[in-house]
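Colleague: Could you take me through one chain of this model in detail? I would like to know how far to trust it, how its helices pack, and what it touches.

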Amino acid sequence: MIYREAGDFKTSYAADNQTFPLRGDRLAYYLAVIFALGVVPFFINDYWANAIVIPFLIYTIAALGLNILIGYCGQLSLGTGAFMATGAYAAFKLTTAFPSLNIIFVIILAGVVTAGVGVAFGLPSLRIKGFYLAVATLAAQFFLIWLYTRTPWFFNYSPTGMISMPTRELFGYPVTGASATAVSGYLLCAVFLIASAWLARNLTRGTLGRQWMAIRDMDIAAEIIGVNPLRAKLSAFAVSSFLVGISGALFFTVYLGAAEAGESFGIDKSFLVLFMVIIGGLGSILGSFLGAFLLVVGPVLLKILLVNNLGWPTDVAAHLEIMIIGALIILFLVMEPHGLTALWRTIKEKLRLWPFPH
Amino acid sequence: MPDTLLFAMEAALNGLTAGVMYALVALGFVLIFKASGIFNFSQGVMALFAALTLVGLQTGQIPFSHLINAIFGTRMHHFGWTLPTVVAIAGTVVVMVIFAWAVERFIFRHLVNQEPIILFMATIGLAYFLEGFGDIMWGAEVKRLDVGLPQGMSGPVDDLTFAWFGYGFYMDRLEIWAALIASLLVISLVLFSQYTKQGRALRAVADDHQAALSVGISLRFIWVLVWSLAGIVALVAGMMWGAKSGVQFSLSLIALKALPVLILGGFTSIPGAIVGGLIIGVGEKLFDFFMQPIVGGATENWFAYMLALAFLLFRPQGLFGEKIIERV
Amino acid sequence: MLDARSEGYVTADGRQIGGVLMEMKNITLRFGGVVAIKDISFDIREGEIRAIIGPNGAGKSSMLNVISGFYHPQEGEVWYKGQRRPRMRPYQVAQQGIARTFQNIALFEGMSVLDNIMTGRLNHMRSGFLSQALWWGPAAREEAENREKVEKVIDFLEIQHIRKTPVRRLPYGLKKRVELARALAAEPSILLLDEPMAGMNVEEKEDMSRFILDVNDEFGTTIALIEHDMGVVMDLSDRVVVMDYGQKIGDGTPEEVRNNEEVIKAYLGVAHD
């Protein structure tokens with residue numbers, strides 16, 4: 001009875017359409033944003049930021065992007081790793097070519113570049129679907145990584161073949177490079193995540209989002225009722241790659257600082273983000289958060305438990321980890337294809353009736 | 001004859017044997033896809049797992065010894081015996097059949113009537129699970145697999161080509177054997193599906209699920225059967241690849257190569273899988289040979305996918321597939 | 001704008017039917033060697049309920065697919081609003097104001113009833129990408145305006161109670177109604193109905209007939225429908241085309257068709273109805 005919609009009446013269609021129709025949800029959302037921007041920065045330290053918080057924020061952006069493509073538009077992509085790499089290398093090239101360009105613009109532009117690349121590799125989706133499309137995106141994955149590691153222009157001819165991020169400041173504070181603090185990096189990622197989630201939510205609730213979902217649910221019928229498949233699919237690829245590119249740019253500039261395409265953005269990254277989307281819930285904004293959270297925090301907890309507490313060798317723990325991840329994927333697909341989001345919804349239903357479930 | 005042409009021919013010949021490998025893995029895909037519509041991403045990991053099991057049985061490794069050691073602080077590794085190759089192979093086949101049964105029982109029985117894309121993602125999960133499971137069961141270090149096949153340069157090929165062109169081609173004897181065994185495997189699969197009762201049931205299911213069910217064919221049995229067959233094909237592929245380059249993680253990556261092979265050959269065609277495998281094997285070697293001076297090497301990483309992509313745009317149904325008419 | 005040759009006519013129940021809205025001229029459609037439609041011509045007039053009937057496999061559905069641009073005939077022309085229609089993609093046909101339902105319900109199962117019907121409005125929504133991304137200005141306004149239109153359709157078809165239900169949870173009859181709502185929301189010039197009563201019980205059929213008549217009556221929507229249930233069609237429609245084996249064997253008012261020798265032989269004679 002704490003959580004319910006009774007008495008929460010709507011008097012306009014706009015009010016009925018808002019993201020969090022229930023007052024309880026709305027309050028929780030505002031509190032979360034205030035907590036993330038106003039409280040966390042005062043307590044965060046390097047360990048927490050680097051082990052959990054920053055990867056969580058960055059992967060959530062990637063998962064949001066991939067969820068738009070797979071969960072909303074129904075186009076399977078296994079090229080997420082390469083699109084993240086595109087964002088990372090674009091950010092590197094931009095910031096080294098124009099050192100005075102504000103880091104925020106660098107990251108947004110990196111997203112724009114990735115959107116362009118994503119659209120190019122999304123073109124086959126107009127003729128092919130399902131796992132055929134998955135193969136097309138695999139082509140993107142392997143070709144782009146090869147391109148970035150083999151063409152010296154991309155890494156500014158550095159002898160190691162790596163790209164490394166110089167120090168860049170925002171409002172006088174260093175946010176990237178060696179002198180950056182955990183707080184500044186955290187705040188940058190948090191702001192980008194909030195903006196990305198807001199963007200994703202707006203696009204998925206409007207007419208564009210409905211066109212994506214129509215294509216996902218029944219592409220032929222969608223076209224017959226007036227959805228232009230070219231525009232719908234390519235816009236999904238563009239928005240998805242834009243977000244994935246931003247996450248790749250942040251991953252490199254804020255989190256890694258130095259990267260090599262094959263090492264940091266291989267096919268395993270593509271799968272990791274895909275798993276986040278599946279576990280969190282296909283076609284759900286909240287799911288992208290939950291999935292990323294589980295797959296970032298889970299391995300850390302497992303490592304603390306097995307290696308630090310029980311003293312197992314790291315490799316055995318690592319093998320157990322991928323085994324558990326694989327099993328989780330299967331379990332979710334079998335038990336709850338809509339992922340953690342659906343579990344959360346069930347809990348809410350229960351809460352609505354509590355304490356009088358009958 | 002100019003030297004470049006000879007070198008290119010040698011590269012093509014070597015590509016042919018890599019192609020046999022791709023074709024083998026693709027064959028496993030086709031078997032499962034035809035009978036169940038499942039696009040089995042884990043085929044490559046199955047090959048790795050089969051090879052790991054074979055080595056493990058052969059050398060008398062204790063299964064899960066790493067895990068047991070980690071939990072109980074013991075230091076066990078081997079039983080101290082070795083098994084003859086034939087016995088070890090038979091044992092591995094048994095393990096693969098058990099695996100097939102478990103896959104049906106615990107995964108796909110619960111995913112009946114799901115969309116193909118969900119099934120596909122489930123096999124990605126299966127691939128991860130099996131990879132971790134294999135590593136925990138047998139350890140992750142690179143292993144040498146010796147099943148008694150001859151290795152080293154093939155004399156006859158060298159002599160013959162020298163006599164013809166004045167330049168002896170290098171070809172590993174192992175690869176010739178691999179090609180022979182692969183053809184044998186394909187022939188016996190064809191015989192099996194043409195002349196046995198189970199084979200007929202298999203073809204019936206591939207043709208029309210509903211109709212096959214209505215004449216009393218057990219779908220569950222068929223699924224276990226095809227996954228077992230795919231497991232055996234994986235074992236052969238794992239043996240060949242393992243004997244050549246050692247049993248290690250990279251083995252599971254050939255599964256990814258099999259995807260473009262299938263695009264070329266069509267998802268339901270056994271001859272298609274073989275021809276597609278050979279085209280990609282030869283194509284990527286030749287492409288790399290000619291492009292190396294221009295763009296640098298390692299184009300094998302992506303050539304197959306780009307070729308498949310080009311194919312998809314112009315002939316989405318593959319070389320041997322039929323054009324699909326869409327309906328509402 | 002309409003074909004000047006014809007003035008229209010008055011129906012038995014006194015409704016004025018306008019000029020020719022759409023005309024099919026000598027349409028022939030083949031699949032490989034199979035001829036699905038052979039040299040068929042007929043017209044659809046503004047404001048009328050036009051039926052295409054025929055036994056299974058007569059080519060009715062193919063005809064509907066030609067009209068909605070999903071199949072492209074090898075020969076013949078489609079004229080719409082006085083102009084020859086060039087070869088178009090189906091979504092362009094939809095943008096011209098032709099909406100349809102499907103024989104095997106083609107709703108978007110993963111979306112709510114409301115969202116499904118809102119997709120019917122998409123050709124009326126013009127707000128740009130940026131406005132949608134920021135949910136600011138035109139996008140939000142447009143969403144509310146179109147929601148209002150959709151709510152009218154929802155009221156009209158009496159499906160208020162399932163507004164936010166996911167479509168996959170609905171029973172068959174309601175799904176059919178939601179599909180009609182989606183097509184109506186587009187405010188089409190021509191509404192194509194592909195076997196609107198297929199698989200329904202008597203009560204549901206009556207409801208559906210009532211809705212079809214009301215749509216035509218209240219919005220003046222031109223309706224072309226396919227059915228093989230003769231009884232329903234004869235009561236509903238103003239004029240009927242009869243097809244058999246891809247050919248047209250009759251065309252006229254229900255009364256005329258009913259007395260047509262060939263139609264009786266090919267269709268009614270086989271103890272249908």
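Modeller: The answer below takes chain B, starting with confidence, then one helix pair, then the contact with chain A.

This is a predicted model, in which local features need pLDDT of at least 70 and side-chain atom pairs count only at pLDDT 80 or more, while totals for chains, interfaces and linings use all residues. Residues are numbered from 1 along each chain as its sequence is written, and chains are lettered from A and ligands numbered from 1 in the order in which they are written.

Chain B has a mean pLDDT (the predictor's confidence in each residue, from 0 to 100) of 82. Of its residues, 95% reach 70 or more. Within chain B, confidence peaks in helix α4 (residues 85-106), at a mean of 93, and is lowest in helix α6 (residues 155-165), at 75. Helices here are DSSP runs (H or I, at least four residues), numbered from the N terminus. Where pLDDT is low, the predicted coordinates should not be read in detail.

For the packing, take α1 (residues 3-36) and α2 (residues 43-58) of chain B. Their axes, lines fitted to C-alpha atoms over the stretch in contact, are 9 Å apart. The angle between α1(B) and α2(B) is about 115°, on a scale from 0 to 180 degrees between N-to-C directions. The crossing of this pair is right-handed, that is, the near helix is turned clockwise from the far one by less than a right angle. On the α1(B) side the contact is made by B:V25, B:G28 and B:F29; α2(B) answers with B:Q43, B:G44 and B:A47. Contact means C-beta atoms, placed from the backbone, within 7 Å. Three of the residues between α1(B) and α2(B) are nonpolar, three are polar and none is charged. In this scheme Ala, Val, Leu, Ile, Met, Phe, Trp, Tyr, Cys and Pro are nonpolar, Asp, Glu, Lys and Arg charged, and the others, Gly among them, polar.

Turning outward, chain B puts 42 residues in contact with 36 residues of chain A. Four helices of chain B each supply at least two residues of that side: α3 (65-72), α5 (116-138), α11 (250-265) and α13 (300-314). The largest share comes from α5(B), with 17 residues. By class, the side of chain B that touches chain A consists of 33 nonpolar, six polar and three charged residues.

Terms used
Contact = placed C-beta atoms within 7 Å.
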